[in-house]
There are 2 protein chains.
Amino acid sequence: MTSMDMNSERPYAGIIERLKEAGLRPTRQRLALARILFDGPDRHVTAEALHSEVMEANIRVSLATVYNTLHQFTRSGLLREVVVDSGRAYFDTNMSDHHHFFDEDNGRLTDIAPDDITLSGVPTLPEGSKLSRVDVVLRVSSADK
Amino acid sequence: MTSMDMNSERPYAGIIERLKEAGLRPTRQRLALARILFDGPDRHVTAEALHSEVMEANIRVSLATVYNTLHQFTRSGLLREVVVDSGRAYFDTNMSDHHHFFDEDNGRLTDIAPDDITLSGVPTLPEGSKLSRVDVVLRVSSADK
DNA sequence: GTGTTTGCAAAGTGTTTGCAATTTA
DNA sequence: TAAATTGCAAACACTTTGCAAACAC
């Protein structure tokens, strides 16, 4: 008995519509990735990690397709990118306004609810520019040994 | 004796001591880079940009040395890295507590004084981790045409 | 002299792209 | 069948590294 009983009859219910709404054909690869990403609680993934995960589920998806899909999902508003590392891209399924802890030792991201932190007095923007987003990252080290 | 004069007679005055204090030999390459970085107002650079700049000054420094030097300076507390792009590293000569505007259209960083923005109510950290830094990035698009 | 630093070129990492083959509608 | 999507392998951008030659003290 697995914990996925409630999904086993119509495993892609909802997800198919979600992809269609985004104008993306519900292909085998996109469905597998979307299911990993959107079935369950919010997640933070890198392309490599998501690729490993989908492979472990015995679904063959190329790494190139994982990259393409992550960007399509981002463009469609299903994901957002979180910049915390100058060497790799992270994606977040939580599209609501919030911030992050980033553990520099293990590369793990954790959400911070917007109520848990307050940012006030946003300064005047440089001439002729418009604010597209505010990112707050609390960098921590886990130093766990 | 003080090293307060920034005139052209002793172009490296101060910088040499600064490198020595950091335990770094004042080589031709390090002096040239340090001068570009620390003579004048605070700056934000990428490795490529700094390399171009030093080359324009007719000082031959390899890109590998620029990378190595940026990291040595960072380790020594002369620079800090600012993470705003998942594809390249930015370095900031301003070591005091402050935040940034990042223009996503032209890759330009601008400092925000800590008084111009207030962050309150930092949440409890995950179990067993310690805060190493708080980064606030206001992403803007210049959309200048 | 001796240990440090440099430059080169090669290697490494993460990511994107061109295009033929495959799949979807 | 027409258009979208995939996978591969090659190309890319940025960064790091091994090592012999050059340099600083």
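Which strand of chain B pairs with strand S4 (residues 99-103) of chain B, and in what sense? In this predicted model, the partner is strand S5 (residues 108-112) of chain B, and the two strands pair in the antiparallel sense over five bridges. One of the places where this pairing can be followed is His100(B), whose bridge partner in S5(B) is Asp111(B). Between the two strands of this hairpin lie four residues, and in the hairpin Gly107(B) takes a positive phi near 70 degrees.

From this hairpin within one chain, we can turn to a pairing that joins the two chains. Strand S7 (130-141) of chain A and strand S7 (residues 130-141) of chain B pair in the antiparallel sense, and they do so over eleven bridges. To find this pairing in the structure, the reader may look for Lys130(A), which stands opposite Ser141(B) in S7(B).

The contact between the chains can also be described by its residues and by its area. On the one side, 37 residues of chain A are in contact with 37 residues of chain B. The size of an interface is often given as the accessible area lost when the parts come together. Between chain A and chain B the buried area is about 2900 Å², and carbon and sulfur atoms give 55% of it.

What, then, links the two chains through polar and charged groups? Across the interface of chain A and chain B there are 16 residue pairs in polar contact, counted where both residues are at pLDDT 80 or more. The count of salt bridges between the two chains is two, and among them is the one in which the side chains of Arg139(B) and Asp135(A) meet, at 2.7 Å from N to O. On the side of chain A that touches chain B, the elements that give two or more residues are strand S6 (118-120) and strand S7 (130-141) of chain A. The largest share of that side, twelve residues, comes from S7(A), while the residues of the side as a whole divide into 17 nonpolar, eleven polar and nine charged.

It remains to ask how the two chains are placed with respect to each other. Two copies of a chain are related by a rotation about an axis and a shift along it. Here a rotation of 180 degrees, with 0.0 Å of shift along its axis, superposes chain A on chain B with an RMSD of 0.1 Å, and the two copies are therefore related as by a two-fold rotation axis. The same surface serves both copies, since 100% of the contact residues of chain A recur in chain B.

Key:
Residues numbered from 1 in each chain as written. Chains lettered and ligands numbered in written order. Heavy atoms only, no water. Contact = heavy atoms within 4.5 Å. Buried area = accessible area lost by both parts, 1.4 Å probe. Salt bridge = Lys/Arg side-chain N within 4 Å of Asp/Glu carboxyl O. Polar contact = N/O pair within 3.5 Å; in protein donor to acceptor, adjacent residues only side chain to side chain. Nonpolar A, V, L, I, M, F, W, Y, C, P; charged D, E, K, R; others polar. Pairing = 2+ DSSP bridges. Least-squares fit on C-alpha atoms with pLDDT ≥ 70 in both.
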